[in-house]
Amino acid sequence: MGHGGGGQMSAELIEHLFVPAFANPVLGGLTDSAVFTLGDARLAFSTDSFVVQPLFFPGGSIGHLAVNGTVNDLAMSGAQAAYLSCGFILEEGVELSVVGRIAADLGGAAELAGVTIATGDTKVVDAGHGDGVYINTAGVGLVPAGVDIRPQRAAPGDVVLVSGQIGVHGIAIMSVREGISFGTEVVSDCAPLNGLVAAMLAVTNDLHVLRDPTRGGVATSLNEIAKAAGVGIELTESALPVPEAVANACSFLGLDPLYVANEGKLLAIVAREDGDAVLAGMRAHPLGADAAVIGECVAAHPGMVVTKTAFGATRVVDTPIGEQLPRIC
Amino acid sequence: PGGGRITNEPERVRSRLLVTGVVQGVGFRPFVYALARELGLSGQVGNTAAGVVAEVEGSAAAVTAFGDRVRTDAPPLAVVRTVTPQPVPALGGTEFVILDSIAGPGRTLVSPDVATCADCLAEFADPSDRRYRHPFISCTNCGPRFTIITGLPYDRPATTMAHFPLCPDCAREYSDPADRRFHAQPIACPACGPRLNLVQPGHETAYDEDALATAHRLLVDGAILAVKGLGGFHLVCDAADEAVVTTLRKRKDRGDKPFAVMAADLDMARRIAEVDAAEEELLTGIRHPIVLLRRRAGAAVAEAVAPGNPDLGVMLPYTPLHQLLFDQPGPCVLVMTSGNLSGEPIVTSDHAARSRLSGLADAWLGHDRPIHVPCDDSVVRIVDETELPVRRSRGYAPFPIDLPRPVRPALAVGGDLKNTFCVGDGQYAWLSAHVGDMDDLATLRAFDGAELHLEQLTGVRPEVLVTDKHPSYRSRQWAVLNAAGRPVVGVQHHHAHLASVMAEHRYDGDRVIGFAFDGTGYGDDGAVWGGEVLLAGYDGFDRHAHLKYVQLPGGDAGVRNPCRMALSHLKAAGIGWDPRLPSYLACAGPEHDLLVTQLDRDIACAPTSSMGRLFDAVSSLAGVCHRAGYEAQAAIELEGLASVEAGLGAYEFAIEGEEIDPAPVLAGVVRDVLSGVSPGVVSARFHQGLAELMVSVAERVRDAEGLSTVALSGGVFVNRVLLSATTRALSAAGFTVLRHRRVPPTDAGLALGQLAVAASQR
Ligand SMILES: [Fe+3]
Ligand SMILES: [Mg+2]
Ligand SMILES: [Zn+2]
Ligand SMILES: [Zn+2]
């Protein structure tokens with residue numbers, strides 16, 4: 001399972017197998033979506049597959065994820081998602097009512113995000129060859145003029161913001177999947193981020209980097225940005241918005257909230273002088289109410305992400321490799 | 001013989017002696033000079049690639065005496081391996097000449113830092129001496145070395161003493177072969193040497209005796225001082241003052257981890273702890289490490305110094321400045337802990353000390369002699385009159401370790417906790433000073449600096465890099481990033497542990513019956529290994545047996561919570577969780593419910609064969625320690641309680657094929673605990689049970705394979721009770737036992753084993 005975890009093994013798979021095989025300049029950027037010109041239009045184009053278990057969880061379902069995942073990938077280029085495709089792979093024997101609920105969730109999520117599902121496909125595989133329901137979505141959207149958002153634009157001096165509390169989706173999934181409760185119920189943060197991005201672009205269209213820290217969490221996303229831009233990123237531990245239930249669950253399970261998946265949060269990197277205004281813009285939007293500045297880009301230790309602890313020490317935050325293994329002796 | 005005069009005796013003979021071993025950079029040539037003069041011999045001495053070559057000429061008796069005494073009287077740091085004399089024609093003459101080092105393929109070995117010697121201490125205490133109370137007194141036999149060298153050849157301009165030009169008096173001593181300070185690079189005096197200063201926020205900087213007086217008053221008043229030592233700053237306070245020690249603990253974010261103390265002198269050390277003859281020798285010897293001693297009941301040391309710990313880490317003053325901290329009425333025992341932020345490496349520069357330690361210290365006692373290389377205090381334990389290194393740093397590094405087999409030029413990067421690394425080439429390996437835990441950015445930087453420095457000092461140009469196999473180890477990532485086309489070779493963690501003890505013994509025989517017991521190491525099957533019996537040679541190993549796998553709930557979280565490990569072990573052993581068990585009581589409420597689900601559904605659990613975790617489990621079951629605030633706390637406290645009474649019996653392990661099942665041990669512990677047997681007896685039975693297990697496993701291997709050498713390594717063997725019982729039992733059963741005496745059994749010794757495995761050449 002290590003190759004799907006969103007950590008270093010996924011990165012290696014993409015870098016060593018897929019990029020060389022498909023070699024072209026549009027793909028080279030390793031961003032969540034491709035940005036290119038078609039006719040007169042600057043388009044963002046993205047695809048994602050959804051294989052989550054369980055299919056339904058507190059705060060959402062695979063249907064919500066399938067829409068929001070692709071809408072968010074497009075939003076991370078500054079694009080407003082316009083049209084989505086949707087492919088279902090159904091396992092023989094899955095209940096029709098389940099598929100119906102998922103389809104309804106998909107439709108509802110599309111309406112909420114303001115995107116049209118323009119085309120679709122369904123395949124059925126033999127029982128035992130799937131996990132009930134897999135969904136693939138792809139989407140296109142227009143990138144507004146003058147917007148140039150990509151990881152390479154992170155520069156020393158920029159500030160790093162997060163739109164809200166982290167680690168919520170991963171812990172919500174785990175608590176239903178494993179039937180484990182950490183006090184208060186944790187509900188997934190699954191949400192479309194295109195509205196929030198539009199609000200941020202209304203403050204300035206010079207956002208440098210946007211990223212939705214899904215699988216692999218904040219740590220993985222920031223490591224990718226640090227390496228792509230050749231900058232160091234320094235986080236302030238005390239500034240990280242971690243809800244108590246997530247903190248409890250993580251400390252119990254020996255996990256770090258920085259590595260836990262989110263489905264309705266974004267990371268933004270903007271010029272220091274734009275930081276306050278962008279933060280205010282985010283907080284004015286319902287999905288950014290808990291937004292916070294969590295760190296900055298620095299010239300020191302390029303390619304490396306670190307956290308400053310309350311006691312002033314500086315801990316390295318790497319890309320996780322496969323499953324988390326203890327290093328304590 | 002001796003004391004003769006050069007005369008024109010007809011029967012003059014001349015001999016050329018090649019002296020090999022560790023004889024360079026340890027004051028060997030001045031020693032040879034002095035010895036030759038004392039014996040009335042003429043001739044010369046020089047360094048070559050092969051070793052020190054001395055030619056001596058004089059009476060046959062004197063030449064023979066020289067050959068003997070060059071071995072027996074060698075300077076304290078030297079290790080003479082062979083002395084090979086060869087007769088050569090007599091040349092006449094009366095002079096004895098020290099030749100400059102011959103440049104070329106030979107290696108100049110750099111000495112570790114040495115505690116102030118008795119001769120210097122006598123001058124220091126003599127009001128008529130020009131170095132009376134001089135905070136920087138040193139000579140050929142003592143003082144800073146490794147920590148002040150900026151480059152080679154080792155000469156004053158290549159040290160941090162470069163900007164202290166010698167005054168005429170010091171220059172005379174420096175250039176007189178008969179003087180104790182001949183070519184002693186760090187020498188100084190009040191006229192030409194560094195000066196003390198004391199910085200206290202809101203006050204003017206004080207110098208020299210004023211600085212000392214102020215520092216002293218601050219210590220008496222219960223302040224915390226940052227004091228510049230040989231290899232870095234210490235944080236210092238009165239060890240008897242509960243309030244200030246508690247404050248230091250809070251400021252350092254230290255948990256319950258013990259602090260080391262410095263006692264004014266041996267007498268004072270004896271008043272707070274039990275000191276046997278071997279420990280006395282270590283405390284007062286040339287290296288002056290921290291020695292782990294049994295604390296005396298009622299010792300005048302605050303409880304906060306080492307809460308719940310039966311031992312005290314004690315050292316004696318090893319620099320003249322330390323002597324001065326004790327020379328007025330005031331505290332006789334000082335806490336002396338590394339000056340650093342939690343998790344960071346020791347601070348060495350005045351600038352970093354002021355900024356990094358600003359929230360920790362109330363004032364700074366420093367001086368203007370820079371520290372070029374960080375070097376923490378070494379920590380040593382005596383077990384059965386033998387040294388057991390716990391941290392090998394000041395006084396030891398960069399002393400080379402001579403290897404059983406030559407190695408190609410290589411760098412082994414060690415592990416991720418308590419990191420040290422190792423460079424090797426040919427016959428020698430150099431294990432670095434303590435670097436620290438590699439999850440800290442400042443530590444990674446310190447690793448960069450130390451690695452570069454050690455390459456410079458030793459002249460090793462690594463052609464291969466060696467690492468642990470753990471995919472997430474930062475040491476391994478460092479090697480991959482810095483490989484520059486060189487091969488990077490992984491060595492299994494416990495194989496490296498065993499190779500380290502084999503290498504330090506220069507063992508090169510059959511495979512050993514290797515017991516590698518520690519907390520965590522990445523196994524070849526991806527599991528967390530740590531209770532391993534490997535039949536090991538440098539070229540490979542067979543996993544002969546291991547502790548049966550058990551769930552480690554929550555990875556690092558399981559390590560920090562021994563009570564959870566106890567319940568996990570009971571579950572694996574099929575033993576019910578009796579609500580009267582201390583572990584059950586410690587893990588109540590929601591934690592209990594979560595743990596049940598976690599273990600049942602195997603959520604974030606790693607399979608482990610760790611011996612460290614079995615110690616945790618037993619410690620918690622016996623009611624000793626349920627939460628570990630520092631590494632191995634539960635095991636350390638369990639060991640500390642072990643009853644020394646004989647004939648208490650032992651718990652028995654079950655051995656099935658390659659699985660060692662602790663289920664009957666756990667059943668025995670539970671039975672005893674529930675029937676009110678004391679933790680001390682439970683601990684003794686557990687330790688004895690392990691010793692007996694090891695003997696029966698070793699006997700099984702001997703019967704099947706004919707092997708008879710046993711090697712013990714891994715952090716569990718820092719345990720004095722276990723190490724002692726095991727060595728005794730195995731020796732009694734006729735096994736040769738290799739145990740650590742020069743490098744730590746913990747991951748701090750791992751790099752040596754990595755090097756020995758991956759770079760050995762036949
Ligand atoms: Fe180890
Ligand atoms: Mg995505
Ligand atoms: Zn001396
Ligand atoms: Zn002088």
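**Figure 1. Gln598(B) and the residues around it in the predicted model**. Let's start with one side chain and see who it meets. Leaving out residues up to four places away in sequence, Gln598(B) touches Ile180(A), Phe252(A) and Leu253(A) from chain A. From chain B, the list of residues it touches is Pro553(B), Gly554(B), Ile603(B), Ala604(B) and Cys605(B). Gln598(B) sits in helix α17 of chain B. Is Gln598(B) buried or exposed? With a relative accessibility of 0%, Gln598(B) counts as buried, because the cut-off for that class is under 20%.

**Figure 2. Where chain B meets chain A**. Pull back from Gln598(B) and the contact between the two chains comes into the frame. Chain B brings 45 residues to this contact, and chain A brings 28. How much area do chain B and chain A bury between them? The figure is about 3200 Å², and carbon and sulfur atoms carry 61% of it. Polar contacts show up here as well: eight residue pairs, both partners at pLDDT 80 or more, are counted between chain B and chain A. On the chain B side, the elements that give two or more residues are α6 (242-251), α11 (441-458), α12 (474-481), β22 (512-522), α14 (556-560) and α17 (589-601). Which of them gives the largest share? That's α17(B), with six residues. Sorted by class, the side of chain B that touches chain A has 15 nonpolar, twelve polar and 18 charged residues.

**Figure 3. A salt bridge between the chains, Arg474(B) with Asp318(A)**. How many salt bridges are counted between chain B and chain A? There are two. One of them pairs Arg474(B) with Asp318(A). Their closest N and O atoms are 2.6 Å apart. That counts as a salt bridge because the cut-off is 4 Å.

**Figure 4. Arg181(B), a buried arginine in a loop of chain B**. Now for a spot within chain B. Arg181(B) is in the loop that runs between α4 (168-175) and β6 (196-199) of chain B. Its relative accessible area is 3%, so Arg181(B) is classed as buried. Which side chain does Arg181(B) join in a polar contact of 2.6 Å? The partner is the side chain of Glu123(B). Setting aside neighbours within four places in sequence, Arg181(B) is also in contact with residues including Cys120(B), Arg131(B), Ile137(B), Ser138(B), Cys139(B) and Thr140(B). Glu173(B), Tyr174(B) and Ile187(B) are among its contacts too.

**Figure 5. Domain 1 of chain B against domain 2 of chain B**. Chain B is split into four domains: domain 1 (13-98), domain 2 (109-398), domain 3 (399-508 + 746-759) and domain 4 (519-537 + 542-738). This view keeps to domains 1 and 2, whose C-alpha centres are 35 Å apart. Each of these two domains puts ten residues into the contact. About 890 Å² is buried between them, with 74% of it on carbon and sulfur atoms. How many salt bridges are counted between these two domains? Zero, and the count of residue pairs in polar contact (both at pLDDT 80 or more) is zero as well. On the domain 1 side, helix α1 (residues 28-38) of chain B gives the most, with three residues. The residues on that side divide into six nonpolar, three polar and one charged.

**Figure 6. Domain 1 of chain A against domain 2 of chain A**. The last close-up moves over to chain A, which is divided into domain 1 (31-142) and domain 2 (151-317). Taken over C-alpha atoms, the centres of the two domains are 24 Å apart. In the contact, 20 residues of domain 1 meet 23 residues of domain 2. The buried area is about 1900 Å², and 63% of that comes from carbon and sulfur atoms. Which residues of domain 1 lose the most area to domain 2? They're Pro58(A), Asn72(A) and Met76(A), which together make up 32% of what the domain 1 side buries. No salt bridges are counted between the two domains, but five residue pairs (both at pLDDT 80 or more) are in polar contact across the interface. On the domain 1 side, α2 (62-75) and α3 (96-113) of chain A each supply at least two residues, and α2(A) gives the most, with seven. By class, that side has ten nonpolar, eight polar and two charged residues.

Conventions
Residues numbered from 1 in each chain as written. Chains lettered and ligands numbered in written order. Predicted model: local features only at pLDDT ≥ 70, side-chain atom pairs only at ≥ 80, totals over all residues. Heavy atoms only, no water. Domains from an automatic or database assignment. Contact = heavy atoms within 4.5 Å. Buried area = accessible area lost by both parts, 1.4 Å probe. Salt bridge = Lys/Arg side-chain N within 4 Å of Asp/Glu carboxyl O. Polar contact = N/O pair within 3.5 Å; in protein donor to acceptor, adjacent residues only side chain to side chain. Helix = DSSP H or I, 4+ residues; strand = E, 2+ residues; numbered from the N terminus. Nonpolar A, V, L, I, M, F, W, Y, C, P; charged D, E, K, R; others polar. Buried < 20%, exposed > 50% of the residue type's maximum accessible area, 1.4 Å probe, protein only.
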